[in-house]
Each structure stands twice: as C-alpha cells, then as structure tokens.
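This briefing covers two topics: internal empty space and the packing of one helix. The sequence and structure come first.

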Amino acid sequence: MAEAEKKQTKKKATKKKRAPRGKYVVIVESPAKSKTINKILGKDYKVLASMGHIIDLPVSKMGIDFDNDFKPEYIIMRGRTKYLNALRKEAKTAKAIYLAADPDREGEAICWHLKNQLEKFDTDIYRVTFDEITAKAVSNAFHNPRQLDMNKINAQQARRVLDRIVGYSLSPLLWKKITRGLSAGRVQSVAVKMIMEREEEIRKFTPEEYWSVDALLRKKDIPTPEENLTDFKAKLVKYKGKKIEVSSKETSDKMVLELEKEKYIVKDISRKDKKSHPRSPFITSVIQQEAFNKLNFSVSKTMSVAQKLYEGIELGAEGSVGLITYMRTDSVRISNDAQKEGREYILDKYGEKYCPKEPPQYKSRKSAQEAHEAIRPTLPLRSPEEVSSHLTPDELKLYDLIWKRFLSSQMTSALYSVLTIEIDAGDYRFRAGGSRLLFDGYLRLYQTNSNAEGEMPEIPSLEEGEEVSLVELIPEQHFTKPPPRYTDASLVKTLEEKGIGRPSTYAPIIKTIVNRHYIKRDGRSLHPTELGELVNKLLVDHFPDILDDAFTARMEEELDEIEIGKINWVDVVREFYTVFIKDLEEAKHKMENVKTQPVMTDEVCELCGKPMVVKWGRRGKFLSCSDFPKCKFSKSITTGVACPEEGCDGELVERRSRRGAFYGCTKFPKCTYTNRKLPSDKEGQDEDEQLKEE
C-alpha cells in the first residue's frame with residue numbers, strides 16, 4: 001500500500017513539472033510589431049500585443065504612498081483589462097513567455113508589470129530585446145534571453161513618480177489660482193520657460209546699425225569693363241591689424257573717402273585643401289531636427305512615421321519587414337555587420353575612392369546608451385528605390401533621409417580647395433576668396449546646410465605684391481537681428497544640449513505644451529500664448545528650483561545613474577520631494593489668485609444685460625457674464641479685426657481645431673471665413689489658404 005501511494009505521489013509530481021503543451025507566447029506592444037515578429041519566429045510561437053502599458057498609476061488620485069518610500073500604487077488601466085485577460089488566457093498553456101517590448105526604460109517597465117501579472121501561472125518568463133526587427137536580430141535575441149533589468153525599471157519608476165508628484169501637485173494649484181484644465185510638468189514647464197525667455201529676449205532687443213564695405217577690384221592693364229570678365233569682390237575686414245566695426249553712415253562715408261585715395265596691393269595669397277567630414281548616423285534628436293528642416297515634419301510626425309518603419313512595412317511577397325533600427329536612441333554606434341554591408345554597397349555602387357580604408361568611428365555623448373545602435377536601415381540594405389512602391393510618401397521621405405545619412409556616414413570625406421587673398425589699402429585690409437569642391441565624397445549622397453561651402457568666385461591670376469585697380473567701393477547698411485524664435489528643431493537641439501529630457505521625451509514635450517495652449521505654432525516658429533506667459537510667470541516665481549535648467553538636467557543625470565545601478569531611486573525622489581514640497585506649501589499661500597481678479601469691460605451680456613468680465617480659461621482669455629453662475633453666457637475675445645468677407649459685419653476671433661490655431665468670424669455659421677493668419681498679415685495671406693470650419 002505504501003509503495004502504491006509512493007508511486008501515485010511520484011506520478012502527480014511528474015505531471016505537475018511537465019511543460020504545458022501550448023505554443024511559446026511572445027508579448028510586444030503593438031499589432032504591427034507582433035505581425036512582423038510572428039513572420040520571423042514561425043508557427044511554434046504566438047505573438048501578442050499588450051497595446052502599450054497595461055499597468056500604471058491611477059488617474060483619479062496621486063497614487064504614491066509617501067509614508068512608504070514613495071511606493072507607487074499600480075492598477076490595471078481603464079479599458080485594458082480585456083487585453084490583460086487575453087494575455088492571461090494564453091499564458092496558462094504557454095511553453096514559455098517571452099517579453100519583447102521596446103529596448104528602453106518604458107519597454108522594460110511594461111515587461112515588468114506583465115511579468116508580475118503572469119508569473120502565477122508557473123511558466124518560465126524571459127526578457128528579449130532587439131534594436132531591429134530582422135530575422136537575425138530576433139533570432140539572436142531568442143537564443144540569448146535574459147532576466148528583467150531592475151535598474152532600468154527603477155529608473156522608469158523614478159521618472160514616473162517624479163512626474164506624477166509634480167503634475168498632480170501643480171495642476172490643482174493652477175486650477176485654484178487660474179482656471180480648471182491647466183497642467184504643469186517637470187520637463188514640459190522648463191520647455192515653456194525656455195520659449196518664454198527667448199520671447200523676452202526678442203521683445204527687449206534693440207536693433208543696432210552697422211555697415212559693411214566691399215571693394216570691386218580688377219586686375220590692372222585690362223582696358224574696358226566690356227573686355228573684363230575677372231572683376232572680383234573683396235570684403236573690408238581689418239583696420240590697423242584689428243577687426244573693423246563700422247557703426248554709422250558717417251564712419252562708412254569717411255572710410256570710403258580715404259579708401260578711394262589708396263593703392264590696393266595684394267599682400268598674401270594662400271591656397272589649401274580642406275576636408276569636410278561625414279556626419280554620424282542619426283540619433284533621435286538629430287533625425288527630429290533634420291526631418292523638420294528638410295521635410296518640414298513636426299517632431300511628433302517624425303517619430304510616428306519612424307515607428308511604422310521600425311515595426312514593419314508590408315513588402316509584397318516578402319511580408320511585413322522592419323526597415324529601420326529602433327528610433328529612440330542617443331548612441332551613434334553602428335554594428336560591425338551594418339558597417340560591412342554599408343562598405344560593400346559603397347564599393348559596388350560608387351567605387352573605391354568613396355570607401356575609406358578604415359570604417360569611420362563616431363563618438364556618442366557621455367550619457368548615451370551604447371547598448372543601442374544609431375538609427376539606420378536594417379539589413380539586408382534595401383535602397384529607397386527598391387521599397388518605394390510599398391511606402392507612403394511620408395514614409396519614403398523619412399526612409400530616404402535615414403538611408404542616405406547612414407551610407408554617407410560610412411563614406412570618405414569631401415575635399416575643398418580654399419583660396420584666401422589678402423589685399424591692403426593703406427591701413428585697411430580686404431579679403432577675397434572662396435572654395436571649390438575638388439572631390440564630393442559623402443556629399444554625393446547627403447547634403448546639410450552646415451556642410452554647404454561657398455562657391456569659388458572667378459578671380460584672375462594674381463601675385464603677391466601686385467597692384468590691382470579699384471573699380472568701385474560698395475558700402476551697405478545693416479541692422480542686427482533679434483535671436484530667432486524656437487522651432488521644433490532648435491528647441492530639441494537646445495533641450496539636448498542642456499541635458500533636459502531624453503530621446504523618448506522630446507516629441508511628447510512639444511506636443512503637450514502645444515495641446516495645453518501654452519505655446520502656439522506660427523508657421524514654423526513656436527510662440528508663447530498669453531496663457532503660457534501667465535502660467536510660466538507664476539511657476540517661475542514660486543518654483544525657481546524645479547524650473548531651473550541645471551536642476552532639471554541634474555535630475556536626468558540621476559535617472560541615468562539609477563539605470564546603471566549607481567544610486568537608489570528612492571533617495572533621488574526623496575531629495576527632489578524635500579525641495580519641492582517646501583516650494584509647494586509656500587505657493588499655496590503666496591501665489592497670486594488670478595481667478596478672483598476678473599477684469600471689468602464696457603461690454604454687456606447679450607442675455608441678461610449685466611457687465612461682461614475678462615476671465616482665464618484653459619485656452620486663454622474669454623469674456624464671461626459677471627453674473628456667472630446664474631448667467632452662463634460667454635464668448636471669445638475678438639481681435640478687433642473686421643471680417644474681410646464682403647457684406648459681413650463680424651470680427652475675427654482666434655479659435656482652435658485639431659490642426660492648430662486659426663482665425664474665424666464671430667458670425668459663424670452664417671459666415672465661414674477662416675485663415676491661419678490675420679488678414680492684416682500680408683505674409684500670412686500669401687502663405688495660407690482659407691480653411692473650412694472644423
């Protein structure tokens with residue numbers, strides 16, 4: 001009997017240990033990505049999409065236990081239970097579970113939350129990551145699975161908790177002091193401050209006059225202008241050996257009188273070769289800048305299109321293929337395989353002179369995550385022409401940009417011949433010259449504004465000591481210009497230079513501050529709104545530490561240090577919170593209450609006849625009946641510009657749609673006039689077509 005019981009117990013134990021009979025389950029974030037990976041892995045695997053985060057902090061409350069080391073109170077997000085149930089169902093019978101979210105902090109956190117939900121099924125759970133969705137990269141990842149990286153998860157938790165503390169503390173404060181619906185953020189508010197500071201610089205800027213003087217010169221012994229094809233210009237650059245600055249017409253006129261009497265002698269001629277080196281492959285911030293400058297893509301659009309190229313594009317019989325590597329990276333590293341294939345392509349297509357003897361090496365900035373690669377085309381290399389029929393116009397434009405940047409980064413340098421001629425006229429020195437492209441190198445594929453060189457002017461053969469004739473002096477008045485307003489590209493560049501935010505945050509930052517109506521787009525420029533100015537002033541006055549550039553950059557560095565296990569995430573949050581809570585308590589009592597200070601106007605309510613007052617809403621100022629809430633009449637504040645439609649007596653007001661700000665008539669829907677610019681803005685009329693009311 002005892003023997004039989006022993007056998008029965010052994011049988012049960014064996015049954016419990018036996019692996020489930022289902023498939024291997026792989027979990028990614030999106031259906032597009034799951035489709036591409038499923039094609040690679042085959043029938044033994046079932047690839048499912050979590051649809052992004054499933055577990056997060058609650059929306060209805062702070063969700064942080066301040067008395068228990070800032071412990072986050074995670075819940076299943078609203079509307080995500082059905083996705084989690086579907087994953088649980090598959091996990092019950094899975095041979096093993098592979099968590100394959102993106103290779104960054106957010107991806108690691110998604111996998112961690114999923115593991116916590118699925119580990120009760122007693123199935124082996126692994127983490128796999130890859131920078132490109134190709135057969136080789138995916139196969140390597142599944143042959144080398146790993147455990148979750150808790151340092152990376154803690155870095156994400158720290159960022160999430162910090163952002164929640166700031167957002168859920170400052171937003172209610174702004175609701176109380178200004179109006180409901182406003183928000184603030186640890187990084188977004190710093191970005192608004194930067195845009196506002198630039199606007200202040202522009203407002204305070206006073207143009208200063210200055211003059212330039214050019215000399216049109218000619219080689220001597222050429223009798224008439226008709227026969228002369230070699231007149232050339234030289235620029236006045238020095239006086240008595242020092243850089244010259246001409247600040248007025250009087251000074252310019254005096255110089256011209258003196259220069260008309262002088263002899264012009266060639267003092268020095270130098271000719272040297274200058275190399276222009278290829279640029280490194282794209283990182284996130286640089287592709288956002290280049291796509292904005294070259295393709296006129298917003299930062300959000302660039303990342304959205306890049307996401308599709310990364311996750312997979314249907315290439316006919318080939319099926320779904322990931323065309324680029326992961327698009328959120330700050331590393332310029334390129335794999336050996338990619339370098340090798342790039343060099344082979346260059347040799348075959350362009351020849352040996354375009355392929356350097358040794359592959360170029362590029363250095364990432366100090367805090368870059370070198371585990372990632374730069375953004376490049378996946379292997380095997382598919383030229384834009386090969387895939388063009390399968391891509392949308394926007395996808396093709398961005399893929400072409402990435403393709404050319406990567407290949408050009410592996411090519412030889414361009415070579416210029418630079419000519420400089422120094423010409424003395426008494427105590428004055430002029431300079432002429434330019435450059436001529438001798439060998440195009442990487443420029444055959446990729447041109448940027450920064451590597452464009454001046455064309456070599458037609459200059460006659462001259463010798464040192466030779467006298468040239470003065471044909472004409474050309475004085476010209478100029479005025480200094482204010483600093484330009486930020487664009488998507490220049491804001492991203494400045495944020496990166498200051499160490500504020502990371503590759504994954506640039507697009508959401510700009511999108512948020514525009515959607516919150518703190519910033520508006522005017523053409524390609526970013527302008528602060530009145531609401532943005534008000535919110536920025538109150539936050540800067542009462543939270544100087546939190547909105548300090550250096551403080552925010554240091555926080556980013558500490559998040560990086562958490563990721564490499566150097567410091568503890570709770571200590572970082574506690575240090576931040578100690579400073580923040582002090583400012584918060586003080587602001588609750590001292591911050592100006594704009595809500596209780598409505599501005600009276602001469603207008604009367606159209607419903608009850610009582611005076612109208614100016615109030616703040618989440619989209620800016622508006623007119624409201626002073627008897628609110630008894631009378632709820634309100635209307636937009638007009639611009640004071642009459643509607644240009646013939647026969648219409650309305651005025652234009654600023655409105656917003658999902659496509660941004662525009663001006664519409666107060667008589668809508670009777671009058672449907674709309675324009676991106678006010679009619680008084682001639683440039684705006686030339687640039688923008690009228691829009692239909694949305």
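**Cavity and helix packing**

The lining of the largest cavity is made up of five nonpolar and four polar residues, with no charged ones. The model is a predicted one. Beyond this cavity, the points below deal with helix H8, which spans residues 249-259.

**The cavity**

- Rolling a probe the size of a water molecule over the atoms shows where empty space is left.
- One cavity of 30 Å³ or more turns up when the whole structure is searched.
- The volume of the largest cavity is about 50 Å³.
- Its lining consists of Gln188, Ser189, Val192, Tyr518, Gly532, Val535, Asn536, Leu539 and Leu547.
- Two or more lining residues come from each of helix H7 (188-204) and helix H16 (530-542).
- H16 supplies four residues, the largest share of the lining.

**Helix H8**

- The buried residues in H8 are Ser252, Met255, Val256 and Leu259.
- These residues lie on the same side of H8 because the arc they cover around the axis is only 100 degrees.
- An α-helix has 3.6 residues a turn, so residues three or four places apart point the same way.
- On the face turned away from the buried side, H8 carries Glu250, Lys254 and Leu257, which are exposed.
- Strands are among what covers the buried residues of H8, including E9 (209-219), E10 (232-239) and E12 (264-276).
- The cover also includes strands E15 (414-425), E16 (428-439) and E17 (467-479).

How values were computed:
Residues are numbered from 1 along each chain as its sequence is written. This is a predicted model: local features need pLDDT of at least 70, side-chain atom pairs count only at pLDDT 80 or more; totals for chains, interfaces and linings use all residues. Side-chain values use heavy atoms; hydrogens and water are left out. On a 1 Å grid over the protein atoms alone, a cavity is a set of points where a 1.4 Å probe fits but cannot get out, and a pocket is an open set with protein on both sides within 12 Å along at least five of seven lines; lining residues have an atom within 4 Å of a point. Grid points are joined across faces, edges and corners, and a volume is the space filled by probe spheres set on the points. Ala, Val, Leu, Ile, Met, Phe, Trp, Tyr, Cys and Pro count as nonpolar, Asp, Glu, Lys and Arg as charged, and the others, Gly among them, as polar. Buried means under 20% relative accessible area, exposed over 50%, partly exposed in between (1.4 Å probe, protein chains only). The arc is that of the directions from the helix axis to the C-beta atoms. Contact means heavy atoms within 4.5 Å.
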